[in-house]
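Good morning. Please have the viewer open while I talk, and stop me if you lose your place.

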Amino acid sequence: MELKSLKFIVLVSVIIFSSCSSKEVIHRETDFNFNWKFTLLQDTTSIHKTPLNDEEWRDIRLPHDWSVEHSFDSIYEGATGYLPGGVAYYQKHFKTPINKDSEKAYILFDGVYNNAKFWLNGAYLGENPYGYSPVYFDISDKLKSDDTDNIITVYVDHSRYADSRWYTGSGIYRNVKLITTKKLHIPIWGTYITTPEVTKNKATINLQIDVKNDFDKDATYQLNTEFFNQQGIVVAKVSSEKINGKANQKNTFSKDITIKYPELWCPENPSLYKAVTTIQYQNKIIDSYETTIGIRSVQHNKKDGLLINGKQTLVKGVCLHHDAGIVGTAVPKGVWRRRLQILKEGGVNAIRTSHNPFSKEFLDLCDEMGFLVQAEIFDEFDYPKDKRLNYHERKPEYITTGYTKDFQKWNKSDLTRTILRDRNHPSIFEWSIGNEIEWTYLHYRYATGFWKDKNDPQNSGNYWGSPPFLTPEETKARFDKLEKSEYNLAKTAKKINNWVKELDTTRATTANLVVPQTSHISGYADAVDIVGYSYRNLDIPWANKYFPHKQITINECPGSWEDWETVLNNPEVFSMYMWTGIAYMGEAHKSWPKKAWYGDMLNLAGFKNQGFNYFKSIWVDEPHVSMGTIPVQQSGFKLNKKGDIVAGSKRWRNTNMHWNYNSNDSILVEVNTNQEAVELFLNDVSLGTKKLAGNPDKIIRWLVPFKGGKLVVKVVNSDAKAILETADKPTQFSLVTDKKILKADGYDVAHLVLQLKDKQNRNVKTFNKKVTFTIDGAAKLLGVDNGLANNIQDFQSNTIVTGDGRCLLLVQSKRNQIGSIKITAAIEGFEKRECTLQIK
């Protein structure tokens with residue numbers, strides 16, 4: 001590839017135009033998600049001659065996750081959520097969309113899980129083993145020249161259904177696009193726009209554009225780029241002089257331009273611009289490529305930690321996996337929007353995509369909503385982890401064989417495609433090359449001195465509660481004497497880091513280190529720009545003493561005041577990412593019927609856990625008070641002879657959001673607040689005033705003998721308060737939707753929440769009932785859930801037993817079908833409730 005700095009003519013940098021000067025609209029992308037055929041195979045060992053006869057196959061639309069359609073069953077593996085995998089085919093019939101003499105066609109898959117192979121009209125296109133990387137194919141030469149249908153065939157082999165430590169889903173679970181261009185065109189992911197200099201007064205924008213000439217002759221053309229602000233106004237444009245593109249070659253062109261008084265992107269104000277680049281050939285616009293960008297500067301340093309647009313920024317982060325309960329991994333954009341909006345309300349400003357690339361659609365939302373993203377690429381390098389028990393693999397098995405079987409061959413390709421797709425997203429501010437990789441190199445743990453028994457590599461001594469007791473020199477001496485593996489972790493990490501830097505030098509690299517003591521002396525920590533720690537805050541003073549040149553931060557932690565205090569007290573430690581922000585399926589080996597891992601802030605249905613209130617109280621700069629309750633025997637605390645609370649777990653817990661217990665039960669009341677003092681009342685009788693100061697975990701506690709009635713906590717010298725009331729048995733229920741109007745696009749969704757109520761209209765959270773939903777009209781029932789980790793009722797059903805007195809129904813519009821949708825909820829013995837949606 002040749003990089004050329006062409007002579008461009010900057011037409012506008014300050015003057016504002018009201019509209020785009022190009023009249024013709026070019027549509028390169030076609031939604032390719034609809035009208036697919038699907039079959040799950042009984043014969044999982046054979047690949048058949050394609051295309052196949054699909055007359056008896058199911059009609060589906062994408063994205064599609066077939067695993068989540070099945071019932072949970074203990075015969076499957078809890079590591080991936082007690083759901084099956086399998087082997088399947090997808091096919092789609094379509095007419096040739098181009099003039100093959102002058103145009104090109106590509107098919108782009110944003111994600112297929114996994115071991116996918118692709119054919120068009122029986123001609124092999126290629127494969128993509130990694131389930132998280134995007135892939136596209138040039139299908140121009142394999143399209144039919146007559147009027148008969150083309151058939152795209154996709155084979156997906158997820159027979160190794162326990163190949164991960166979390167729920168992965170199965171199938172074409174992300175969007176598919178058909179992309180058509182002229183033979184002279186900007187290729188897929190063919191722009192790279194950076195902001196090397198940013199101030200409030202002006203921003204320098206570097207524009208790199210790839211142009212591919214697939215004609216058999218040279219072509220003379222002109223490049224034009226216009227920058228639109230969020231109001232649709234052109235704020236800058238640039239045009240090149242005439243360019244002579246050589247036949248069958250790709251070239252990259254570069255130009256700096258200036259935008260004065262830019263609207264800067266940041267989590268608090270995520271302003272976006274759209275760059276529209278066109279190719280003018282023979283006096284016609286023949287290609288148009290849109291790139292969404294945000295103008296912002298990102299700097300890391302030991303003194304200030306993280307600077308966004310020159311402002312010191314603390315990262316209030318959560319780790320997320322890529323499933324969303326009911327829908328598995330085929331997550332509608334509206335589901336992610338709802339979840340991210342709730343996280344935002346709780347003070348979250350950053351997401352760590354654990355432990356793999358997420359969808360383009362997810363990153364688009366982060367751009368729009370103002371989330372910083374640490375984009376993680378790999379969970380395994382050279383050696384596998386144990387999918388059931390974490391750490392290193394204990395026993396190789398077919399069903400648990402994961403990405404390491406393909407890593408050596410595919411790692412650079414997967415990384416390259418991912419970064420080319422994602423490097424224009426302003427939300428992404430760091431690339432993480434890997435997660436807790438040290439577990440798969442056994443000698444790393446033994447070098448610390450905590451692991452002593454060579455025959456018991458899981459016996460870590462008191463590693464998790466202690467800082468390093470060896471100096472780097474002592475650690476290095478132990479490390480050098482230990483038997484090594486075939487592959488060298490530091491060398492692999494440096495190789496991967498170099499590949500990232502070849503594609504993007506504007507972002508820092510990091511990795512999530514779980515044995516940082518050894519990684520600092522082995523060279524692994526030096527492979528990346530920022531060293532992220534996983535549950536090893538205790539190592540930070542040691543590392544700052546011996547490795548003052550390295551900036552340390554927290555990439556994964558339990559999520560406690562101690563974690564956040566570490567960030568506040570150490571300027572260079574600018575981030576924490578709690579594990580996890582939202583519950584996710586999987587990581588539940590031998591835990592049946594528990595199928596999911598707990599989410600600190602939201603449960604599997606996206607309902608708030610107590611952690612939402614806790615983190616809101618420390619992360620959001622507005623008055624907050626909330627409370628939870630829990631029997632003291634379940635709290636981790638004990639009582640002394642005087643009946644006072646004594647030492648226990650000094651961190652928040654998922655306390656109950658109700659006041660329903662047995663008379664005189666000893667109940668621990670925990671109050672989350674960011675105010676100076678609060679007063680607790682039971683049935684209008686004061687139980688005393690307590691101050692926030694002096695509570696090491698920022699939680700105020702009372703021990704209260706239960707008595708039915710009203711529990712109220714009030715902020716002193718304020719009207720702010722929180723109330724819990726004893727509820728009676730349920731006699732009714734409410735049904736509330738987050739949307740009254742849906743677009744008839746086949747994607748838009750509505751979340752309907754059913755809550756049990758007593759005769760006084762109080763929320764009932766200690767009784768549960770079976771609910772039956774019916775839908776009258778053109779809407780698709782995506783599923784039901786009560787959010788509980790041990791709920792093993794089918795998601796794709798119209799019946800559900802509530803959990804904590806509530807449940808969620810998720811419905812989706814159908815494409816081009818408008819009208820009214822009536823949703824009815826019924827509980828035996830209760831009056832029915834109806835909700836009407838409009839599809840427009």
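I start with one pair of residues: Gly783 has Leu810 in E52 as its bridge partner. Keep in mind that this is a predicted model.

That pair belongs to a longer contact, in which strand E50, residues 779–785, runs antiparallel to E52 over six bridges. E52 also pairs with strand E48, residues 749–757, again in the antiparallel sense, over seven bridges. There, Ala750 has Val811 of E52 as its bridge partner. As background, strands of a sheet pair through backbone hydrogen bonds, either parallel or antiparallel.

Is strand E52 mostly covered or mostly open? Mostly covered: E52 spans residues 806–813, and eight of its eight residues are buried. Now look at the directions of the side chains. In a regular strand the side chains alternate between the two faces of the sheet. In E52, Arg806, Leu808, Leu810 and Gln812 point one way. Cys807, Leu809, Val811 and Ser813 point the other way, and all of these residues are buried.

Next, a sheet elsewhere in the chain. Four strands form an open sheet, in the order E3-E12-E7-E10, with antiparallel pairing. Which strands are at the edges? They are E3, residues 29–31, and E10, residues 135–138, and each of them pairs on one side only. From one strand to the next, the twist averages 25°. At one end of that order, E3 pairs with strand E12, residues 176–182, over three antiparallel bridges. Within this pairing, Asp31 stands opposite Lys177 of E12.

Now to charged side chains. Side chains of opposite charge can pair when their charged atoms come close. How many salt bridges does the count give? It gives 40.

Take Lys95 and Asp149, whose side chains meet in a salt bridge at 3.1 Å, N to O. Lys95 is in the loop between strands E6 and E7, while Asp149 is in the loop between E10 and E11, so the pair ties together parts that are 54 residues apart in sequence. Lys95 has a relative accessibility of 44%, so it counts as partly exposed. Asp149, at 30%, also counts as partly exposed.

A second example is Lys405 with Asp406, at 2.6 Å, N to O. Here Lys405 counts as partly exposed because its relative accessibility is 37%. Asp406 has a relative accessible area of 14%, so it is buried.

In a third example, the side chains of Arg507 and Asp504 form a salt bridge at 2.8 Å, N to O. Both Arg507 and Asp504 are buried. There is also a network of salt bridges, which links Lys104, Asp138, Lys212 and Asp214.

Last topic: empty space inside the model. How many cavities of 30 Å³ or more does a search of the whole structure find? The search finds six. The largest cavity has a volume of about 240 Å³. It is lined by 22 residues, and the closest to its centre are Tyr113, Tyr130, Asp163, Glu380 and Tyr403. By class, the lining has six nonpolar, eight polar and eight charged residues.

To recap the beginning and the end: E52 pairs with E50 over six bridges and with E48 over seven, and the largest cavity has 22 lining residues. That is all from me.

Terms used:
Residues numbered from 1 in each chain as written. Predicted model: local features only at pLDDT ≥ 70, side-chain atom pairs only at ≥ 80, totals over all residues. Heavy atoms only, no water. Pairing = 2+ DSSP bridges. Helix = DSSP H or I, 4+ residues; strand = E, 2+ residues; numbered from the N terminus. Axes fitted to C-alpha atoms, helices over the stretch in contact; angles between N-to-C directions. 1 Å grid on protein atoms, 1.4 Å probe; cavity = no way out; pocket = protein on both sides within 12 Å on 5 of 7 lines; lining within 4 Å. Points joined across faces, edges and corners; volume = space filled by probe spheres on them. Nonpolar A, V, L, I, M, F, W, Y, C, P; charged D, E, K, R; others polar. Buried < 20%, exposed > 50% of the residue type's maximum accessible area, 1.4 Å probe, protein only. Salt bridge = Lys/Arg side-chain N within 4 Å of Asp/Glu carboxyl O.
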